[in-house]
Amino acid sequence: MESQMQDQPLSLSRDGAFSIRAARVADFEQINAMTNLPGFRAGTLRLPFQSAEQTRKWLENLGAGTTSIVAEIDQQVVGHAGLHRADGRRAHSAHLGLGVHDDFTGRGIGKALLLALIDAADNWLNIRRLELMVHADNVKAIGLYEKCGFEREGLHRDYAFKHGRYVDALTMARLRLI
């Protein structure tokens, strides 16, 4: 797959082009607003009402082994994804996570973010194993991950408390064959 890590449109949404670029600390307010949306938050372990200051500090303190990207349309952040490389004897692996703004789901943004991280892992970072956790009731996300080569590896029962009940989570991974 040809590298697509430039700051240019990677795909078209129904309403026009979106671009993917490195996240910046200056994005903190938009990322914070997006991640506090109920649909975005439902797919994460985030609690409601995280402050913009907490998001700013988090962005400022991302480690050297982290790749953090955003998708934007007309200078509005509509998606965020990150890849966090392990160290030591697990340096061949990375954990990833992503989410899309509630108003922009179903437009290929999540897939473009995921493919950008896979490209970075495969072609730039020499990462062999990509892993993630996803709530077992997030059928659309699981389908996307499977289409991109992720396989189910395990089930964590009663993994998280969400919407007043416990939900299971799946661990999934994609191994790059060398």
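# Chatting through a predicted model

User: Let's start with Asn36. Which backbone nitrogen lies 3.3 Å from a polar atom of its side chain?
Analyst: The backbone nitrogen of Phe49 does, at 3.3 Å from a polar atom in the Asn36 side chain. Keep in mind that this is a predicted model.

User: Okay, and where does Asn36 lie?
Analyst: Asn36 is in a loop, the one between helix H1 (28-35) and helix H2 (38-42).

User: What else is Asn36 in contact with, leaving aside neighbours within four places in sequence?
Analyst: With those neighbours left out, Asn36 is in contact with Arg41, Arg46, Leu47, Pro48, Phe49 and Gln50. So Phe49 turns up in that list, and the backbone nitrogen of Phe49 is the partner we began with.

User: Let me zoom out. How many helices and strands does the protein have?
Analyst: The count is five helices and eight strands. Going along the sequence, the order is β-β-α-α-α-β-β-β-α-β-α-β-β.

User: How compact is the protein for its length?
Analyst: The protein is as compact as a globular protein of that length, because its radius of gyration is 16 Å and the globule rule gives 16 Å for 178 residues. If you prefer a box, the C-alpha atoms fill one of roughly 45 × 40 × 35 Å along the principal axes.

User: How much of it is buried?
Analyst: 42% of the 178 residues count as buried. As for the outside, the accessible surface comes to about 10200 Å², and 51% of that belongs to carbon and sulfur atoms.

User: What share of the contacts with a separation of 6 or more comes from residues 24 or more positions apart?
Analyst: That share is 60%.

User: And the charges? How far apart are the mean positions of the positive and negative ones?
Analyst: They are 5 Å apart, with 22 positive and 21 negative charges in the protein.

User: Switching to single residues. Where is Arg129, and is Arg129 buried or exposed?
Analyst: Arg129 is in strand S6, which covers residues 129-135. Arg129 is buried, because its relative accessible area is 17% and the cut-off for buried is under 20%.

User: Which side chain does Arg129 make a polar contact with?
Analyst: The partner is Glu153: a polar contact of 2.7 Å joins the two side chains.

User: What else does Arg129 have around it, not counting neighbours within four places in sequence?
Analyst: Besides Glu153, the contacts of Arg129 are Arg90, His92, Ser93, Ala94, Ala173, Arg174 and Leu175.

User: Arg174, hmm. Which residue in helix H4 are we looking at next?
Analyst: Asp122, which sits in helix H4 (residues 109-123). Asp122 is in contact with Arg174 too, along with Ile127 and Arg176, if you skip neighbours within four places in sequence.

User: Is Asp122 buried or exposed?
Analyst: Asp122 is buried, with a relative accessible area of 18%. For a sense of distance, Asp122 and Gly154 are 32 residues apart along the chain, and their C-alpha atoms are separated by 24 Å.

User: What about Thr67, where is that?
Analyst: Thr67 is in strand S3, residues 66-73. Thr67 counts as buried at 19% relative accessibility, because the limit is under 20%.

User: Which residues does Thr67 touch, if I ignore those up to four places away in sequence?
Analyst: Thr67 touches Ala81, Gly82, Leu83, Leu117 and Leu125. Asp119 is 52 residues from Thr67 in sequence, and the two are 12 Å apart in space, C-alpha to C-alpha.

User: Where do I find Asp74 and Gln75?
Analyst: Asp74 is in the loop between S3 and strand S4 (76-85). Gln75 lies in the loop between S3 and S4 as well.

User: Are they buried or exposed?
Analyst: Asp74 counts as exposed, at 74% relative accessibility. Gln75 is exposed with a relative accessible area of 68%.

User: And what's their phi?
Analyst: Asp74 has a positive phi of about 50° without being a glycine. Gln75 has a positive phi of about 65°, and Gln75 is not a glycine either.

User: Why would anyone point that out?
Analyst: Because most residues other than glycine have a negative phi.

User: Last one: what about Arg157?
Analyst: Arg157 is in strand S7 (residues 151-162), and Arg157 is exposed at a relative accessible area of 71%. Arg157 and Ala17 are 140 residues apart in sequence and 39 Å apart in space, C-alpha to C-alpha.

Terms used
Residues are numbered from 1 along each chain as its sequence is written. This is a predicted model: local features need pLDDT of at least 70, side-chain atom pairs count only at pLDDT 80 or more; totals for chains, interfaces and linings use all residues. Side-chain values use heavy atoms; hydrogens and water are left out. Helices (H or I, at least four residues) and strands (E, at least two) are DSSP runs, numbered from the N terminus. The radius of gyration is taken over C-alpha atoms; the globule rule is 2.2 Å times the number of residues to the power 0.38. Buried means under 20% relative accessible area, exposed over 50%, partly exposed in between (1.4 Å probe, protein chains only). Contact means heavy atoms within 4.5 Å. Accessible areas come from the Shrake-Rupley method with a 1.4 Å probe; for residues, only the protein chains shown count as cover. Lys and Arg count as positive and Asp and Glu as negative; His and the chain ends are not counted. The place of a charge is taken as NZ of Lys, CZ of Arg, CG of Asp or CD of Glu. A polar contact is a pair of N or O atoms within 3.5 Å; within protein, one must be able to donate a hydrogen and the other to accept it, and residues adjacent in sequence count only if both atoms are side-chain atoms.
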